[in-house]
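Colleague: I would like a close look at a single part of this model. Please take me through one helix and what lies just past its end.

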Amino acid sequence: MREIERTKYLANAIDRASTSCLTVGVFAPIAAALYSATGTIAATFTFVIGAFCWLSAAVALHLAGRRALKGLPQ
């Protein structure tokens with residue numbers, strides 16, 4: 001029983017890290033762009049590449065959390 005709870009805590013921590021990646025790397029720059037007047041092509045390209053990298057990290061962490069829960073009894 002104790003090992004199951006540890007696994008749940010691990011999966012939850014990994015999923016919270018994925019949520020943080022999404023917030024810091026995608027939502028915060030979107031909010032900054034909405035409230036800022038910068039609209040250069042270079043800034044847009046940097047934003048898109050950065051958002052893609054952070055979103056990829058968030059998805060990978062979320063899937064890792066799901067994988068940690070896969071072996072638990074139902």
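**Helix α1 and the loop after it**

Modeller: This is a predicted model. Y35 lies in the loop between α1 and α2. With a relative accessibility of 75%, above the 50% cut-off, Y35 counts as exposed.

Y35 belongs to a nonpolar surface patch together with F27, I30, L34, F47 and V48. Together these residues have about 670 Å² of accessible area. Two elements, α1 and α2 (41-69), give two or more residues each to the patch. The largest share, three residues, comes from α1.

Helix α1 itself covers residues 2-34, which is 33 residues. At 1.5 Å a residue it should span 48 Å, and the C-alpha atoms at its ends are 47 Å apart, so the two values agree. The helix does have a bend, of about 35°, at T23.

The buried residues of α1 are T7, A11, I14, S18, C21, G25 and V26. An α-helix has 3.6 residues a turn, so residues three or four places apart point the same way. That rule is worth keeping in mind when reading the list of buried positions, which runs from T7 to V26.

One of the buried residues, S18, can be taken further. S18 is found in helix α1, and its relative accessibility is 6%, under the 20% cut-off, so S18 counts as buried. A polar atom of the S18 side chain lies 2.6 Å from the backbone oxygen of D15.

Methods: Residues numbered from 1 in each chain as written. Predicted model: local features only at pLDDT ≥ 70, side-chain atom pairs only at ≥ 80, totals over all residues. Heavy atoms only, no water. Helix = DSSP H or I, 4+ residues; strand = E, 2+ residues; numbered from the N terminus. Expected span 1.5 Å × (residues − 1). Bend = angle between axes of the 7 residues up to and from the residue. Buried < 20%, exposed > 50% of the residue type's maximum accessible area, 1.4 Å probe, protein only. Patch = residues over 30% accessible without salt bridge, like charges linked within 9 Å, V, L, I, M, F, W, Y side chains within 5 Å. Areas by Shrake-Rupley, 256 points an atom, 1.4 Å probe, with all protein chains shown as cover. Salt bridge = Lys/Arg side-chain N within 4 Å of Asp/Glu carboxyl O. Polar contact = N/O pair within 3.5 Å; in protein donor to acceptor, adjacent residues only side chain to side chain.
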